[in-house]
Amino acid sequence: MSHHLFLLSPNDTPLYSLTHQSSKPTTAPSYPLSSNLPSWSTTTFAGTLSALSGAAGLNQAPAGGGAPRIGSGQGRNVVQMIAYASLDVIEELMRTNSAMYLKGVDKFNEWTVSAFITPGNMKFVLLHDGKNDDGVKAFFTDVWDLYVKTMLNPFHSAHTAIKSAVFDGRVRASARRHL
């Protein structure tokens with residue numbers, strides 16, 4: 001399972017991002033468009049089917065086998081597009097809902113978008129492909145605690161990119177623990 005975290009300032013400027021691969025086993029993706037087609041057409045047009053299902057670059061395994069290449073340029077751009085497309089839904093929910101943790105605000109194919117809004121209107125956006133609401137909430141709480149500690153550092157300016165190796169390491173440790 002993969003998880004993508006984005007920390008966005010109140011004016012939607014990206015401050016931090018993380019791609020985390022969970023060690024939990026996942027199932028192979030299914031392509032519903034290919035279920036009604038003859039077998040010769042699914043092999044011939046495999047790239048077209050994956051593009052139509054919205055999975056291009058994210059779920060295709062490399063030619064030599066192994067894990068999917070989430071870190072590739074195309075995959076990263078698709079994930080960023082999904083996260084930024086969900087900002088309108090998140091901001092609408094911010095107006096009507098006073099809760100900090102907004103679970104499952106949007107869905108795009110296999111990706112579920114969860115959000116966490118801080119009192120200062122920072123947006124923590126997490127894309128995940130599994131259902132783990134308790135773990136996601138605990139992860140957001142840990143990241144918020146780490147973010148507050150970073151903002152209390154007198155050598156860090158508010159609403160600037162977070163480039164601390166300590167922050168990154170602790171967020172990754174929290175992701176391994178909760179996701």
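**Entry 1: the sheet**

I looked up the strand order in this predicted model. There is an open sheet of 5 strands, ordered β2-β1-β5-β4-β3, and the pairing is antiparallel. β2 and β3 (101–108) sit at the edges with a single partner strand each, so one side of each has no neighbour in the sheet. From one strand to the next, the twist averages 20 degrees.

Next I checked how β3 is held to strand β4 (residues 111–117). I found 5 bridges joining the two, and they run antiparallel. Which residue of β4 is the bridge partner of D106? I looked, and V113 is the one.

**Entry 2: a helix over the sheet**

I then turned to α5. This helix lies across β1, β3, β4 and β5 (123–128), and runs at about 145 degrees to β5.

**Entry 3: helix α6**

I tried a length check on α6 (residues 165–178). With 14 residues at 1.5 Å a residue, the helix should span 20 Å, and its end C-alpha atoms are 20 Å apart, so that agrees.

Which residues of α6 are buried? I noted F167, V171, S174 and A175. These cover an arc of only 100 degrees around the axis, which means they are on the same side of α6. On the other side, A165, R176 and R177 are exposed.

So what covers the buried residues of α6? My list includes β1 (2–8), β2 (14–21) and α5 (133–151).

Last, I zoomed in on the start of α6. There, a side-chain oxygen of S164 comes to within 3.3 Å of the backbone nitrogen of V166.

Technical notes. Residues are numbered from 1 along each chain as its sequence is written. This is a predicted model: local features need pLDDT of at least 70, side-chain atom pairs count only at pLDDT 80 or more; totals for chains, interfaces and linings use all residues. Side-chain values use heavy atoms; hydrogens and water are left out. Helices (H or I, at least four residues) and strands (E, at least two) are DSSP runs, numbered from the N terminus. The expected span of a helix is 1.5 Å times one less than its number of residues. Buried means under 20% relative accessible area, exposed over 50%, partly exposed in between (1.4 Å probe, protein chains only). The arc is that of the directions from the helix axis to the C-beta atoms. Contact means heavy atoms within 4.5 Å. A polar contact is a pair of N or O atoms within 3.5 Å; within protein, one must be able to donate a hydrogen and the other to accept it, and residues adjacent in sequence count only if both atoms are side-chain atoms. Two strands pair if DSSP finds at least two bridges between them. Axes are lines fitted to C-alpha atoms, for helices over the stretch in contact, and angles run from 0 to 180 degrees between N-to-C directions.
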